[in-house]
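Here's a quick tour of how this chain packs on the inside. Have the viewer open and follow along.

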Amino acid sequence: MIDMLELREYDSALASTNVDEQTKLPLSETSSEEKKESPTSNDEKKSGSYHESDAEMRGVHARQNIAPNTVCMTVPLKCLVTVEMGQSTPIGQKILVSDLDLDAPKHIFLMIYVLMDRLNPQSFYQPYYDVLPKNLSNMPIFWNDDDLRLLQGSYILAQIADRNEAIEDDYNAICDIAPELADIATLEEFKWARMCVCSRNFGLVIHGQRTSAMVPHADMLNHYRPRETKWTYDEDHECFTITTLQTIPSQSQIYDSYGQKCNHRFLLNYGFAVESNVELDGFCPNEVPLEVSLSPTDPIHDKKLEFWCREDGPLVRRIRVCVSNNENTKVLMSFLRVVVATEEELNAICKTGGSSSNRNTTATSSFLTAAENSTSIATTTSLFCGILNVYRTCRDVRFPISLRNERAALEHLLCLVRQACVI
């Protein structure tokens, strides 16, 4: 099947023009960081399009016209590097028995195998190691201070710092229980392996066991949405396969989708951003993480805290929201209503009572009636709170409590957005 395809390397200075369509990204030598996490999620992957002149640019192209539903690539099981292979190494065994709390355990085992095995010139996988990217300068965890200043005002700066800290913590923790790691790889090499592995691994089910694997050649496909191909592990033939979903003309680049993601995830994990990151239905997945917490100076802080802690979770809730009325937006508004609630409103929503379905229907209807007939915020609050029965946890407060509360919640939301976007 591999005869259908060929890997091309581009002149990086011309790579930006080597795109089939405006939104398609030229392949860079690295991929991205979060590969597919599920064997059934065939629309996720990794990618790269280097933004620096010295970055290596590659793409997989069709040598012939390829019809839809054609298996255009097969990679035998023996060519895959799996989590289990990393676990079987001496360092992998020490990690397993130590029960370390690592940031990305599956990725770590793949990293350990690659870092150790690449030192063996006779390794079966040496040709694969030879084509892994040497330069990851498109990924912001490797940027210098001047480059990072271009991101001033963006939350991604905190994410970059968190990623670097997590990688260093993992490296030091493993060195504590397996000092030989320091002889195999420096911290910079460990960072290189982390980004290579995270951007290139596929989440698969092999022989009934969920795992992750590095798949040579398959990890060279660039990103494009909507997806043009799908991938899976074929148990019958014991190989990884990529299948076309539409006609691929001869000489055209073949793309994979790394999934519907916010641009901060694309940049952090893959080293590129999509200029028009909009789905076919008009939805834009770009999002911002907002942190919601109770004010320690709130007169009823302790009372709210009891309600806040009814479910497991941190005192500061980080919620990613985008311009959409999706689940995260509803959860955010639920917490905001509690944050700004008065004692009367809090008493009303904390009481025990009837079923949530009846409560929600009644509450919404009564709120609208009260809002239409009321001449004051205070009257609306009183009318509505008298009808509420129970909300089990903060995230259950999915409907307005009162006009006053809803207005205060939206005002608090504006404050959070300003804080998140401070330059």
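## A buried threonine in a loop

Is Thr393 buried or exposed? In this predicted model, Thr393 has a relative accessible area of 1%, and since the cut-off for buried is under 20%, Thr393 counts as buried. Thr393 isn't part of a helix here: look for it in the loop between helix H14 (377–385) and helix H15 (403–420).

So what does Thr393 touch, leaving aside neighbours within four places in sequence? The contacts are Phe307, Arg310 and Glu311. Phe307 turns up again just below, as one of the buried residues of helix H10.

## One face of H10

Helix H10 covers residues 301–308, and its buried residues are His301, Lys304, Phe307 and Trp308. Viewed down the axis of H10, these buried residues fall within an arc of 125 degrees, so they line one face of the helix. The spacing fits the textbook picture: an α-helix has 3.6 residues a turn, so residues three or four places apart point the same way.

What covers the buried residues of H10? The cover includes two strands, S11 (287–292) and S12 (317–322), plus helix H11 (327–339) and helix H12 (343–350).

## Two nonpolar cores

The largest nonpolar core has 43 residues. Which of them have the most contacts inside it? Those are Ile91, Ile95, Ile108, Ile174, Leu181 and Phe190. Helices H1 (83–87), H2 (90–98), H3 (105–117), H4 (126–131), H6 (156–177), H7 (181–184), H8 (187–200) and H9 (263–270) each give two or more residues to this core. H3 gives the most, with eight residues.

Phe190 is a good one to click on. Not counting residues up to four places away in sequence, Phe190 touches Ile108, Met111, Leu115, Ile167, Asp170, Tyr171, Ile174, Leu181 and Ala185. There's also a second, separate core of 27 residues, which includes Val292, Val321, Ile401 and Ala409.

## Aromatic pairs

How many aromatic pairs are there? The count comes to 15. One of them is Trp231 with Phe240, a stacked pair at 5.7 Å centre to centre and 20 degrees between the planes. Both partners are tucked away: Trp231 is buried at 2% relative accessibility, and Phe240 is buried at 0%.

Ring pairs also build a cluster, linking Tyr113, Phe124, Tyr125, Tyr128 and Tyr129.

Conventions: Residues numbered from 1 in each chain as written. Predicted model: local features only at pLDDT ≥ 70, side-chain atom pairs only at ≥ 80, totals over all residues. Heavy atoms only, no water. Buried < 20%, exposed > 50% of the residue type's maximum accessible area, 1.4 Å probe, protein only. Helix = DSSP H or I, 4+ residues; strand = E, 2+ residues; numbered from the N terminus. Arc of directions from axis to C-beta. Contact = heavy atoms within 4.5 Å. Phe/Tyr/Trp six-rings, centres within 6.5 Å; stacked < 30°, edge-to-face > 60°. Core = buried A, V, L, I, M, F, W, Y, C linked by side-chain atoms within 4.5 Å.
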